[in-house]
Amino acid sequence: MVRAGCRLCDLAKEAMARVERRTGEAWTEVDVTGDAELEDEYGLRVPVVLLDGREHGYWKVEEDRLERDLASRPAPSAGS
């Protein structure tokens, strides 16, 4: 979760791009601006990283921890 004009968000995007290059795991950027529900949930903590729909961290991407947690996820089942 990010917001335009957020310096921490810009740094988080750079970190996420590095993680993606190293792991091959794609990520999706979601801007909370204009979405009242997302603003209420994440507004004061952006940037926020979600992993498999759960909050993994906020304000700073912990690249080593994120990569470790990505690698330790169970493999998707057939047909998923």
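**Exercise 1. How many disulfides does the count come to in this chain?**

Solution. The model is a predicted one, in which local features need pLDDT of at least 70 and side-chain atom pairs count only at pLDDT 80 or more, while totals for chains, interfaces and linings use all residues. Residues are numbered from 1 along each chain as its sequence is written, and side-chain values use heavy atoms, with hydrogens and water left out. Start from the criterion, under which a disulfide is a pair of cysteine sulfur atoms within 2.5 Å; by this rule the count is zero disulfides. Then turn to burial, where buried means under 20% relative accessible area, exposed over 50% and partly exposed in between, with a 1.4 Å probe and protein chains only. Cys6, at 14% relative accessibility, is buried, and Cys9 is buried with a relative accessible area of 0%.

**Exercise 2. Set out the elements of the chain in order and describe its overall extent.**

Solution. Helices (H or I, at least four residues) and strands (E, at least two) are taken as DSSP runs and numbered from the N terminus. On that basis the chain has three helices and two strands, and from the N terminus on they run α-α-β-β-α. The C-alpha trace spans about 35 × 25 × 15 Å along its principal axes, and of the 80 residues in the chain, 29% are buried.

**Exercise 3. Work out how H1 and H3 are oriented, and which residues make their contact.**

Solution. Two packed helices are described by the angle between their axes and the distance between the axes. Helix H1 (residues 7-23) packs with H3 at an angle of about 40°, and the axes are 10 Å apart. Here the axes are lines fitted to C-alpha atoms, for helices over the stretch in contact, and angles run from 0 to 180 degrees between N-to-C directions. Since angles under 35 degrees count as roughly parallel, over 145 as roughly antiparallel, 65 to 115 as roughly perpendicular and the rest as oblique, H1 and H3 are therefore oblique to each other. With contact meaning heavy atoms within 4.5 Å, H1 contributes Ala15, Met16, Arg18, Val19, Arg22 and Thr23, and H3 contributes Glu63, Leu66, Glu67 and Leu70.

**Exercise 4. Characterise the surroundings of Glu63 and of His56.**

Solution. Glu63 is found in helix H3 (residues 63-71) and is buried, at 18% relative accessible area. Leaving aside neighbours within four places in sequence, Glu63 is in contact with Ala15, Arg18, Val19 and Arg22. The side chains of Glu63 and Arg18 are joined by a polar contact of 2.6 Å, that is, a pair of N or O atoms within 3.5 Å, of which, within protein, one must be able to donate a hydrogen and the other to accept it, residues adjacent in sequence counting only if both atoms are side-chain atoms.

His56, in strand E2 (residues 54-58), is buried with a relative accessible area of 12%. A polar contact of 2.7 Å links the side chains of His56 and Asp69.

**Exercise 5. Locate the backbone features at Pro47, Asp52 and Trp59.**

Solution. Most residues other than glycine have a negative phi, and most peptide bonds are trans. A cis peptide bond, with omega about 0°, joins Val46 and Pro47, and Pro47 has its place in the loop between helix H2 (36-42) and strand E1 (48-51). Asp52, in the loop between E1 and E2, has a positive phi of about 55° and is exposed, at 55% relative accessible area. Trp59, in the loop between E2 and H3, has a positive phi near 70° and is partly exposed at 44% relative accessibility.
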